[in-house]
Amino acid sequence: MCGRVYVRSSLRELLANFAFAAPGDAEGLANSFPRYNGAPQQDYPIIVREIVREPDVMGPVFATARWGFIPAWAKDAGRPMINARSEGISTNGMFKAAYKSKRCLVPINGFFEWKDIYSTGKNKQPYAIAMKSGEPFALAGVWSGRRNLDTGLEEKMFAVITCAPNEMMAQIHDRMPVVLHPEDYERWLSPEPDPYDLMRPFPSELMTMWPIGKNVGSPKNNTPDILDPIEEPTDDDPEPTLL
């Protein structure tokens with residue numbers, strides 16, 4: 001799964017790195033970034049395909065959306081879904097409509113994952129994962145919109161799509177988010193109903209990961225030192241004694 005991300009770019013920098021998209025309403029998030037420990041149920045700038053110029057000129061535009069997907073047809077909000085599995089997404093009742101016509105890009109600088117070192121589920125080591133180049137990149141997502149009964153405005157929400165891990169990620173987890181190549185951004189946002197071949201593991205050789213401290217476990221810890229590397233743990237290290 002993918003349940004935590006980081007955006008160490010300012011919003012202005014993020015908009016500049018994805019300059020093919022119009023700013024939209026994301027500029028209202030300027031005071032929320034950088035965000036070094038981003039969690040679900042927070043608002044993020046995502047890129048969607050919507051009307052950017054009248055009459056009916058469609059194009060990529062930044063939009064504010066909350067991480068946690070609820071389908072537009074659901075009468076009861078229920079529990080928001082933060083991830084959507086790529087396998088079967090085109091037929092999954094929860095996501096199929098959004099996958100067909102409401103795909104999005106989720107720009108980030110990196111994400112976090114946890115390795116169960118001792119296979120006990122009690123002592124997991126967190127890792128940060130990013131591009132070797134250090135550049136921001138985009139995850140594949142789907143979004144939906146629901147009308148806020150108090151304001152009458154549509155509020156967007158999204159889920160990150162996951163797939164099987166690449167060789168690097170397989171060392172710590174059995175899933176990873178779908179990372180898109182920049183040359184595939186346009187196609188992912190296009191009206192094409194099923195770009196299934198884009199939902200594949202991103203090449204390991206273009207990515208890097210490193211172990212970090214466990215204070216990342218709480219979203220309240222939101223400082224740059226979250227990303228500081230620590231010594232690589234090994235399976236040979238003795239399991240800590242729980243007092």
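These exercises, each followed by a worked solution, look at the cavity, the pockets and one strand of a predicted model.

**Exercise 1. Find how many cavities of 30 Å³ or more the structure holds, and describe the lining of the largest cavity by residue and by class.**

Solution. Begin with the count: the structure holds one cavity of 30 Å³ or more, and the largest cavity has a volume of about 30 Å³. Next, list the residues around this space, which is lined by Val5, Tyr44, Trp67, Val106, Ile108, Phe158 and Val160. Then sort the lining by class, which gives seven nonpolar residues, with no polar and no charged ones. Finally, turn to the strands, where strand 6 (103-108) and strand 10 (154-163) each supply at least two residues of this lining.

**Exercise 2. Determine whether the residues of strand 6 are buried or exposed, and identify the strand that pairs with strand 6.**

Solution. Take one side of strand 6 to begin with, where Arg103, Leu105 and Pro107 are all buried, and then the other side, where Cys104, Val106 and Ile108 are buried as well, which leaves both faces covered. Buried here means under 20% relative accessible area. Six of the six residues of strand 6 meet this condition, so the strand is largely enclosed by the rest of the structure. For the pairing, strand 6 joins strand 9 (residues 137-147) in the antiparallel sense, over six bridges. Within strand 9, Gly141 is the residue that stands opposite Cys104.

**Exercise 3. Work out which strand gives the largest share of the lining of the largest pocket, and how that lining divides by class.**

Solution. Start with the space itself, since the largest pocket holds about 360 Å³. This pocket is lined by 20 residues, of which Arg66, Glu154, Glu155, Lys156 and Met157 are the closest to its centre. Strand 3 (43-53), strand 4 (57-67) and strand 10 each supply at least two residues of the lining, and the largest share, six residues, comes from strand 4. By class, the lining of the largest pocket has eight nonpolar, four polar and eight charged residues.

**Exercise 4. Describe the second largest pocket by its volume, the residues closest to its centre and the classes of its lining.**

Solution. The volume comes to about 280 Å³ for the second largest pocket. Among the 14 residues that line this pocket, those closest to its centre are Glu135, Pro136, Phe137, Pro182 and Tyr185. Sorting the lining by class as before, one finds 10 nonpolar residues, three polar ones and one charged residue.

Definitions and conventions
Residues numbered from 1 in each chain as written. Predicted model: local features only at pLDDT ≥ 70, side-chain atom pairs only at ≥ 80, totals over all residues. Heavy atoms only, no water. 1 Å grid on protein atoms, 1.4 Å probe; cavity = no way out; pocket = protein on both sides within 12 Å on 5 of 7 lines; lining within 4 Å. Points joined across faces, edges and corners; volume = space filled by probe spheres on them. Helix = DSSP H or I, 4+ residues; strand = E, 2+ residues; numbered from the N terminus. Nonpolar A, V, L, I, M, F, W, Y, C, P; charged D, E, K, R; others polar. Buried < 20%, exposed > 50% of the residue type's maximum accessible area, 1.4 Å probe, protein only. Pairing = 2+ DSSP bridges.
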